[in-house]
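Hi,

Here is the structure I promised to pass on. Have a look at it first, and then read my notes on the sheets and helices below.

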Amino acid sequence: MHDPVDIRRRVDRLVARVDGRDDYGQLLASGQVIHRLEDVEDIEAWRAEISRDARSGEIKVRTGFNDGIVWALRVRRERPERQAEVRRLRELLLRAVPLAVELRHKPTLAVQDGDALVCTCGRCSALGYGDAAENVVGGALFEDDCPNEEPPALTALAMMHVPRSCWPSEGPGPA
Ligand SMILES: [Zn+2]
């Protein structure tokens, strides 16, 4: 399986990348940014700045404020590379999530950015890392047993990516 030191480094890098984003970076990554009105000093300046960034990055953005929030939303045409990314991620999850369930973990998606993702267990500290572009899957979540003996309850992630015949049979079932 994959070198645990390398997996740890990849997880740290992904988390740092997601944490360190400014508003425009977050808009690029997730397609939207939302703040509470009281957290933004000058609403019009905030909207102008993100619109300016969007223009220089040649993306389309819509901004506005209502109901106590100010927001920016990326207006996108469906790009073929985005569809390919979604397909690669799904294939990665179809491969990785059954491993976690077989090891009795209760996997949920914690962070995702581009082709990389981190999953965690809902009842132990195991982390799993996957990169669909580099074909890397590793971490305790996908390689080591969950310390809990009881079969795990199914998560949405498990339901979507594990064949029904491999679901934990004696578990309490979906909550
Ligand atoms: Zn676990």
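**The four-stranded sheet**

One open sheet in this predicted model has four strands in the order β4-β5-β6-β7, paired antiparallel. Its edges are taken by β4 (107-113) and β7 (136-138), each of which pairs on one side only. On average, neighbouring strands here are turned by 15° against each other, ignoring direction.

Inside that sheet, β5 (residues 116-121) and β6 (residues 127-131) run antiparallel and are joined by five bridges. If you want one pair to click on, A116 has D131 in β6 as its bridge partner. Helix α4 (residues 80-102) packs on this sheet and touches β4, β5, β6 and β7. The direction of α4 makes about 155° with that of β6.

**The three-stranded sheet**

The other sheet to look at is also open, with three strands in the order β1-β3-β2 and antiparallel pairing. Both β1 (32-36) and β2 (60-66) have a single partner strand, so each edge strand has one side without a neighbour in the sheet. Neighbouring strands are turned by 10° against each other on average, again ignoring direction.

Seven bridges pair β2 with β3 (residues 69-75) in the antiparallel sense. Within this pairing, T63 is matched with A72 in β3 as its bridge partner.

Helix α2 (residues 23-30) packs on this sheet, with contacts to β1, β2 and β3, and its direction is at about 135° to that of β1. Helix α3 (residues 43-56) lies across β2 and β3 and runs at about 170° to β2.

Cheers

Methods. Residues are numbered from 1 along each chain as its sequence is written. This is a predicted model: local features need pLDDT of at least 70, side-chain atom pairs count only at pLDDT 80 or more; totals for chains, interfaces and linings use all residues. Two strands pair if DSSP finds at least two bridges between them. Helices (H or I, at least four residues) and strands (E, at least two) are DSSP runs, numbered from the N terminus. Axes are lines fitted to C-alpha atoms, for helices over the stretch in contact, and angles run from 0 to 180 degrees between N-to-C directions. Two residues are in contact if their C-beta atoms, placed from the backbone, lie within 7 Å.
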